[in-house]
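Please open the model in your viewer and keep the sequence panel visible. The tour below proceeds by selection, from the whole chain to individual helices and loop residues.

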Amino acid sequence: EFRRVLFRSQQTGMSRRADIAGKAKRDQLVQEEKDRIGAMTGSTNLEGFKQQLIRKYGNPLRAWRKGLDSDGSGKISLVEFCNAVRAEGFNGSLKALWKELDTDGEGFIEMKEFAPEVAVLVDSFMACLKKAGQGSMIKAWLKHLDTDKSGSVSKEEFIEAMKNIGFEGDAARVFRLYDIDGGGAINLEEIDPKAYDAMMRGDHELG
């Protein structure tokens, strides 16, 4: 009789442990499914939206140029904004998001409102290049950056060139920002698409 009671007790203990282990496994699967769905679900506020774009595109400049300012105009209207944000899967209030970003109330959003710190760095970089090229991005590119006429510059070449023309910002960070395709080198098209198009047309040769 004692052995039967002991056996039943052992069986009950094993069954209870199996139940606990089974529940833990089920809880794990439920959590994994929640995580999977959460990763697929768009953000619902400004900070989450920014992080979502940076995870997708790699850095704020790429996020701005590829995810929001797709026509390269430097600013986006409410209609452009709503279309872009919906396409990125944002699940929050478009009106609230727009209001947070359009800080000056002008009816357009610029990169300085989306990523202020990056915008300051980018503006100083572009100003330095234009000064070095006497107002021409093409001249700056040909004379100071792409000196070997290869069509692109490596990180080391870029940092050295920017040092030579007196850029006081973080050239390495600028390089990472402008390496739009992540190829480890940058070209004029990544820096300034409009200047690149003009160079391809030969505008600089016509003065």
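Helices (H or I, at least four residues) and strands (E, at least two) are DSSP runs, numbered from the N terminus. On that basis, the secondary structure of the protein chain comprises twelve helices and four strands. This is a predicted model, in which local features need pLDDT of at least 70 and side-chain atom pairs count only at pLDDT 80 or more, while totals for chains, interfaces and linings use all residues. Residues are numbered from 1 along each chain as its sequence is written, and side-chain values use heavy atoms, with hydrogens and water left out.

**The whole chain**

Select the protein chain and display its surface. The exposed area is about 12900 Å², of which carbon and sulfur atoms supply 53% (Shrake-Rupley method, 1.4 Å probe; for residues, only the protein chains shown count as cover). Of the 207 residues, 36% count as buried (buried means under 20% relative accessible area, exposed over 50%, partly exposed in between, with a 1.4 Å probe and protein chains only). Contact here means heavy atoms within 4.5 Å. Among contacts between residues at least 6 apart in sequence, 56% join residues at least 24 apart.

**Helix α3**

Next, select residues 60-68, which form helix α3. Seven of these nine residues are buried, so the helix is largely enclosed by the rest of the structure. The buried residues are P60, L61, R62, A63, W64, G67 and L68. Add N59 to the selection: N59 caps the N-terminal end of α3, with a side-chain oxygen 3.0 Å from the backbone nitrogen of L61. Such a polar contact is a pair of N or O atoms within 3.5 Å; within protein, one must be able to donate a hydrogen and the other to accept it, and residues adjacent in sequence count only if both atoms are side-chain atoms.

**Helix α10 and its surroundings**

Move to residues 171-178, helix α10. Which residues of α10 are buried? They are A171, A172, V174, F175, L177 and Y178, and with six of its eight residues buried, α10 is mostly covered. These buried residues pack against α3, α7, β3, α9 (155-164), β4 (185-186) and α11 (188-191). At the N-terminal end, D170 serves as the cap of α10: a side-chain oxygen of D170 lies 3.3 Å from the backbone nitrogen of A172.

**Two helix pairs**

Two packed helices are described by the angle between their axes and the distance between the axes. Axes are lines fitted to C-alpha atoms, for helices over the stretch in contact, and angles run from 0 to 180 degrees between N-to-C directions.

Keep α10 selected and add helix α7 (residues 116-132); the two pack at an angle of about 100°, with axes 11 Å apart. They are therefore roughly perpendicular to each other (angles under 35 degrees count as roughly parallel, over 145 as roughly antiparallel, 65 to 115 as roughly perpendicular and the rest as oblique). On the α7 side, E117, V118, L121, V122, F125 and M126 meet R173, V174, L177 and Y178 of α10. By class, this contact has eight nonpolar, no polar and two charged residues (Ala, Val, Leu, Ile, Met, Phe, Trp, Tyr, Cys and Pro count as nonpolar, Asp, Glu, Lys and Arg as charged, and the others, Gly among them, as polar).

For the second pair, select α2 (residues 46-57) and α5 (residues 94-101), which pack at about 85° with axes 10 Å apart. That angle makes α2 roughly perpendicular to α5. The contact is made by L46, F49 and K50 of α2 with L97, E100 and L101 of α5. These residues divide into four nonpolar, no polar and two charged.

**From the end of α7 to β3**

Select A132 in helix α7. At 21% relative accessibility, A132 counts as partly exposed. Apart from residues up to four places away in sequence, A132 touches H144 and I165. A132 and H144 are twelve residues apart in sequence, and their C-alpha atoms lie 7.8 Å apart.

Two loop residues come next. Most residues other than glycine have a negative phi. Q134, in the loop between α7 and α8, has a positive phi near 55° and is exposed, with a relative accessible area of 71%. K149, in the loop between α8 and β3, has a positive phi near 60° and is exposed at 56%.

Finish at S152, in the loop between α8 (137-145) and β3 (153-154). S152 counts as partly exposed, at 26% relative accessibility. Leaving aside neighbours within four places in sequence, S152 is in contact with W141, D146, E157, A185, I186 and N187. S152 and I186 are 34 residues apart in sequence, yet 5.4 Å apart in space, C-alpha to C-alpha.
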